Amino acid sequence: MSLITTPNLPAPDDFYEMLIEAHQGLSAEQSQELNAALALLLANHIGDMAVLREALTQARESVQ
Amino acid sequence: MEADIDYQALEFAYRKCADQEPGAPAAHRVIVVGAGPVGLTTALDLAAQGVQVVVLDDDYRLSTGSRAICFAKRTLEIWDRLGLGQRMVDKGVSWNVGKVFFRDQEIWKFDLLPEAGHRRPAFINLQQYYAEGFLHERAEADPRIALRWKSKVTGVTPVDDGVVVTVETPDGPYQLRADWLVACDGSRSPVRKLLGLESHGRIFRDRFLIADVKMAADFPAERWFWFDPPFHPNQSVLLHMQPDNVWRIDFQLGWNADPVEAVKPENVLPRIRALLGPQAEFELEWVSVYTFACERMECFRHGRVLFAGDSAHRVSPFGARGANSGVQDAENLAWKLRLVLAGQAPETLLDSYCREREHAADENILNSSRATDFITPKSEASRVLRNAVLNLARRHPFARALVNSGRLSVPATYRDSPLNTPDDADYAGTMCPGAVAADAPVRRGGRDDWWLGQLGGEFVLAVFCGDAPPDAQATSALAALADTRTPLPVPLRIVHVTARPLDGADVVVDAEGLLARRYDAQPGTCYLIRPDQHVAARWRRPDAAAVRAALGRAIGLAS
């Protein structure tokens, strides 16, 4: 399996709203904590080193 | 007995020896530099195999403070082979349980004991001075070992087929010649410097305070590790039980701590009180500040000089891979050096020491670097991720697998060693060529025993027979190996493993069937096991020609 980069979310706007809402009322530092926890939870769910490596590469390349 | 001996206070006398008389340098087979755990193990292993050894040490005392403290299962098995394992275990504190705390909460408790049916526990805690003291007593009593204290190596000159060493003593300098020199002289290795060699790697910008504290406390024999505890905010703390009511506490201080100030009692005592509570009564036995590095020499052999232990490689302390890997170096080296000295194996066999132990050093450095990066995050992002792991670990098992306060110290498998003979059949389990032979309970001569007690010192061919004597084909293969008209390059001891006792036969009885299971053995399966208890080769059927070839390969005769 390789990293899916084509649209895969059934309701993209709903998800994006959920993501923003999860950060509601958090300080910048707490938001960092949340993002870290989220990355770890999702990584474990994916559980495929090749996919994770590809996701890390793509994420790193997206950093301006 | 040893309860009456204060090992830390022992002082060993310098004695002038005949080698110091004027004249040509006295010639020896092997000189070991350094009488620490690695040097003494090297000397004892060589002596046990009949090799005369001179041990030089610039000091006249054992280790000060607990230092290495955690001795792992494999180290105890090696010392078992040298007849010292039980003494270490009797004195040490055996432990398997570790607890991890984050801030004010226990987040995880783990048990390192993987399975029953092993003679030795995952770890014992024992002050380094006891380990050295027990090794030293044995070495001193061994007529094949000459221990020379206050004997500092100040010159090392490679010569044809050997090394000339200059030794500085209270009576002035003298010279020795040796066929081989083993440098077990620690991370600052004077021998390495004298040869102009270097060790390279990564220095961690952090400092830790270690304190040995004597007190009557009712903590259990467990390893407790705190991340960011209220009593020592933003840093980590480790607590370990040792013999004699001594507790070892490691406080992370950060890079900016002043090492001179940090060890002053007025600065140490408040830290300990913060952990133990204001009412605690204790005595401070030893305090030190350390920094650490992960580094190794590019090559552990330089001509007739071999490096073992911290002189060859250093790791950070998390995961107990320093002294433990050094003791494994010693045992890897001893049998090879003995065969080379006896002319039974080519000198190039010692290159396999480098290949195998450099690989082990890389594995140890990788493991301890990872633990260090978790314990002392080097960036803000790393700290945020570390804390997220710890927070998730309270509730989620997956995150506990990511918590790294030091991994179990396990011996390396020499998977790519040139001494291995590749498998020609499929096997389940972990006993591949290059692996350390796994232990299991067995019976021999009607008595309970351990499998590892049947191995070591020389090559062993373990022949699994099931519940019947070997069949005709196996018997003829084994007879061919014993044929004196075509002697084997080195002696081979054949050990029959049976499921139940056979009348009148000296067999190892695998009464619980654990051995056959751990080795995925069927009737006919054979394992060729090296003198250091690593697997060299295995077959589903005994075949004299294959065993002979594998034995040659395992002593470096195949190119």
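Q: What counts as a salt bridge here, and how many does the rule find across the interface of chain A and chain B?
A: A salt bridge is a side-chain nitrogen of Lys or Arg within 4 Å of a carboxyl oxygen of Asp or Glu. Keep in mind that we're looking at a predicted model. Put to work across the interface of chain A and chain B, that rule gives a salt-bridge count of 0.

Q: How many residue pairs are in polar contact between chain A and chain B?
A: Here both residues of a pair have to reach pLDDT 80 or more. On the chain A side that touches chain B, the residues split into 4 nonpolar, 2 polar and 2 charged. For polar contacts between the two chains, the number of residue pairs is 0.

Q: Which three residues of chain A supply more of its buried area against chain B than any other three?
A: The contact draws 8 residues from chain A and 9 residues from chain B. About 750 Å² is buried between the two chains, with carbon and sulfur atoms giving 77% of that. On chain A's side, 52% of the area comes from just one trio: A:Gln32, A:Leu40 and A:Leu41.

Q: In what order do the elements of chain A run from the N terminus on?
A: Chain A has 3 helices and 0 strands. Its C-alpha trace spans about 35 × 25 × 25 Å along the principal axes. Read from the N terminus on, the order is α-α-α.

Q: Which strands stand at the edges of the open sheet of 8 strands in chain B, and why is one side of each left without a neighbour?
A: The sheet has mixed pairing and goes S6-S5-S13-S14-S15-S12-S16-S19. Each edge strand has a single partner strand, so one side of it has no neighbour in the sheet. The two edge strands in chain B are S6 (105-111) and S19 (313-314).

Q: Which residue in S15(B) does B:Ala211 stand opposite?
A: Strand S12 (residues 199-214) and strand S15 (residues 246-252) of chain B run antiparallel and are joined by 7 bridges. Looking across to S15(B), the residue opposite B:Ala211 is B:Ile249.

Q: Which residue in the turn between S5(B) and S6(B) has a positive phi?
A: Strand S5 (residues 97-102) of chain B runs antiparallel to S6(B), with 6 bridges joining them. In that pairing, B:Val97 stands opposite B:Asp111. The two strands make a hairpin with 2 residues between them, and the one with a positive phi, about 55°, is B:Arg103.

Q: At what angle to S16(B) does helix H9 of chain B run?
A: Helix H9 covers residues 349-375 and lies across S12, S13, S14, S15, S16 and S19 of chain B. Set against S16 (283-297), its direction is at about 120°.

Q: What is the average twist from one strand to the next in the open sheet of 3 strands in chain B?
A: This sheet is antiparallel, in the order S3-S7-S4. S3 (70-72) and S4 (93-95) of chain B are the edge strands, each pairing on one side only. From one strand to the next, the twist averages 30°.

Q: Which residue in S7(B) does B:Trp95 stand opposite?
A: S4(B) and strand S7 (residues 123-125) of chain B pair in the antiparallel sense over 3 bridges. Across from B:Trp95 in S7(B) sits B:Phe123.

How values were computed
Residues are numbered from 1 along each chain as its sequence is written. Chains are lettered from A and ligands numbered from 1 in the order in which they are written. This is a predicted model: local features need pLDDT of at least 70, side-chain atom pairs count only at pLDDT 80 or more; totals for chains, interfaces and linings use all residues. Side-chain values use heavy atoms; hydrogens and water are left out. Two strands pair if DSSP finds at least two bridges between them. Helices (H or I, at least four residues) and strands (E, at least two) are DSSP runs, numbered from the N terminus. Contact means heavy atoms within 4.5 Å. Axes are lines fitted to C-alpha atoms, for helices over the stretch in contact, and angles run from 0 to 180 degrees between N-to-C directions. Buried area is the accessible area (1.4 Å probe) that two parts lose on being put together, summed over both. A polar contact is a pair of N or O atoms within 3.5 Å; within protein, one must be able to donate a hydrogen and the other to accept it, and residues adjacent in sequence count only if both atoms are side-chain atoms. Ala, Val, Leu, Ile, Met, Phe, Trp, Tyr, Cys and Pro count as nonpolar, Asp, Glu, Lys and Arg as charged, and the others, Gly among them, as polar.
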